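Please open the structure in your viewer and keep the sequence panel beside it. This tour moves from the whole chain to single residues, and at each stop it says what to select and what is there.

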Amino acid sequence: MTATHDTRFMQLALSLGRRGQGNAAPNPAVGCVIVNKGRIVGRGWTQPGGRPHAETEALAQAGAAAQGADVYVTLEPCAHHGQTPPCAEALIAARVARVIVAIEDRDPRVNGAGLRMLRAAGIAVETGLCTDIAAADLAGFFLKTEQERPFVTLKLANSFDGRIATGTGESKWITGPHARRAVHAMRARHDAVMVGGGTARQDDPSLTVRDLGISRQPARVIVSRRLDVPLMGTLARTAQDVPVLMCHGPDADPTLQDVWRDLGAHLLLCANSGNQLDPRSVLHALAEFGMTRVFCEGGSALAASMIEADLVDRLVGFTAGLTIGAEGLPNVGALGLGKLADAARFDLLSVRPVGGDICHEWARASR
């Protein structure tokens, strides 16, 4: 197989892996392609809830054709016994000839063990193909493993002059329907959608993915130190239909805690930092719950706290062609910056029109 063919098949495996984003937590969203004599005989990606794994799915599709085949997988096959047998053992049993891995698994339970098992069985193993792309796709899983926090995408939709509402609080709709549909697609690729308590009180959002025909909704996360979110609101009414995670402080009213539990919400105790929740504690609690990718939609105070704590991995902005003025609400709250050199910097990834608006995406810059 030529290097060009190897790259093409790995790129296909990467695209398959992305199908699991928002569905695979707490496991990584992995893709796998099995090729025998230049023909694709098996394809798979991590299934909802994290099982079956991508390799298992692809091997089931390939059947006997897996013998002597090349396997392209975006993450090192697992080597430990969990709720399913190790994928490395399954590949050995299928008698594949070669396994090409985009990136090694830094989970201490694997961390090279899967590759060693394959090599010990006489299977040729190659690594390092499309590694940077795989690292980006699997960043949430790696962050959860190494830093005990999920990957955070902060989405900001605002006017040309950076406002998210008028001085009277009106905010629907600054961006158009195409931008809102794009946001729903982004929500679907994350494990959870997160907003602050102020946004929950002001907007009464549902935070669900709509009109895309998905079968699995992301969890809704509300960051509210005192749990003072309307008990008759949309989130409260639908907590038993789509998961609601309430991140609260130790000073939250015990009665409110009981009420939210009775409504079906999951309560996550987090540490306070001044008069708000510590954002690192919030993300640690979400990681412990199993989240690897979180889509934060503000409001301004939560956005500021995440930026100030250097916890934003991806910025997504939707900018509309209207101006609101200085009396409008800014999309990011006070950061207390005295010098530009102290401002968090992000690297531009893409700019594209979405309907009548512009979408621009930025990645965390090297610090």
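A residue is called buried here when its relative accessible area is under 20%, exposed when that value is over 50%, and partly exposed in between. With that cut-off in mind, start with the whole chain, which is a predicted model: of its 367 residues, 51% count as buried.

**The whole chain**

Colour the protein chain by secondary structure, and you should be able to follow twelve helices and 18 strands. The chain has a radius of gyration of 22 Å, close to the 21 Å that the globule rule gives for 367 residues, so it is as compact as a globular protein of that length. If you turn the C-alpha trace along its principal axes, it spans about 65 × 45 × 40 Å. Switching to a surface view brings up about 16,800 Å² of exposed area, of which carbon and sulfur atoms supply 51%. As for contacts between residues at least 6 apart in sequence, 72% of them join residues at least 24 apart.

**Strand E1 and its partners**

Select strand E1, residues 31-36, where six of the six residues are buried. Gly31, Val33 and Val35 point one way from this strand, while Cys32, Ile34 and Asn36 point the other way. Which strands pair with E1? One is E2, which pairs with E1 in the antiparallel sense over six bridges, and here Asn36 stands opposite Arg39. These two strands form a hairpin with two residues between them, and Lys37 in the turn has a positive phi of about 55°. The other is strand E3, residues 70-73, also antiparallel to E1 but over four bridges, with Tyr72 as the bridge partner of Val33.

**Two cis peptide bonds**

Go next to Pro26, in the loop between helix H1 and strand E1, and look at the peptide bond that leads into this proline from Ala25, which is cis with omega near 10°. Then select Pro52, in the loop between strand E2 and helix H2, where the bond from Arg51 is cis with omega near -5°.

**Two residues with positive phi**

Cys130 sits in the loop between strand E5 and helix H5 and has a positive phi of about 60° although it is not a glycine. Is Cys130 buried or exposed? Its relative accessibility is 16%, so Cys130 counts as buried. Asp204, in the loop between helix H8 and strand E9, has a positive phi of about 45°, again without being a glycine; at 36% relative accessibility, Asp204 counts as partly exposed.

**Salt bridges**

Side chains of opposite charge can pair when their charged atoms come close. The model holds 17 salt bridges, and the next stops take in some of them.

Show the side chains of Arg187 and Glu297, which meet in a salt bridge at 2.6 Å from N to O. Arg187 lies in helix H7 and Glu297 in the loop between strand E14 and helix H12, so the pair ties together parts that are 110 residues apart in sequence. Arg187 is buried, with a relative accessible area of 8%, and Glu297 is buried as well, at 16%.

Move on to Arg201 and Asp228, another salt-bridged pair, whose closest N and O atoms are 3.0 Å apart. This pair links distant parts of the chain, with Arg201 in helix H8 and Asp228 in the loop between E9 and helix H9, 27 residues apart. Arg201 is partly exposed at 41%, and Asp228 is partly exposed at 38%.

For a pair within a single helix, select Arg261 and Asp258, which both lie in helix H10, three residues apart, about one turn of the helix. Their closest N and O atoms are 3.4 Å apart in the salt bridge; Arg261 counts as partly exposed at 44% relative accessibility, and Asp258 does so at 43%. Finally for this group, select Asp6, Asp70, Arg98 and Glu126 together, which are joined into one network by salt bridges that share partners.

**Near the end of the chain**

Ala343 is found in the loop between strand E16 and strand E17, and its relative accessibility of 24% makes it partly exposed. As a last stop, display Leu348, Val351 and Ile358, which form a nonpolar patch on the surface with about 270 Å² of accessible area together. Within this patch, Val351 belongs to strand E17 and is exposed, with a relative accessible area of 54%.

Notes. Residues are numbered from 1 along each chain as its sequence is written. This is a predicted model: local features need pLDDT of at least 70, side-chain atom pairs count only at pLDDT 80 or more; totals for chains, interfaces and linings use all residues. Side-chain values use heavy atoms; hydrogens and water are left out. Buried means under 20% relative accessible area, exposed over 50%, partly exposed in between (1.4 Å probe, protein chains only). Patches are made of residues with over 30% relative accessible area and no salt bridge: like charges are joined within 9 Å, nonpolar side chains (Val, Leu, Ile, Met, Phe, Trp, Tyr) within 5 Å. Accessible areas come from the Shrake-Rupley method with a 1.4 Å probe; for residues, only the protein chains shown count as cover. A salt bridge is a side-chain nitrogen of Lys or Arg within 4 Å of a carboxyl oxygen of Asp or Glu. The radius of gyration is taken over C-alpha atoms; the globule rule is 2.2 Å times the number of residues to the power 0.38. Contact means heavy atoms within 4.5 Å. Two strands pair if DSSP finds at least two bridges between them.
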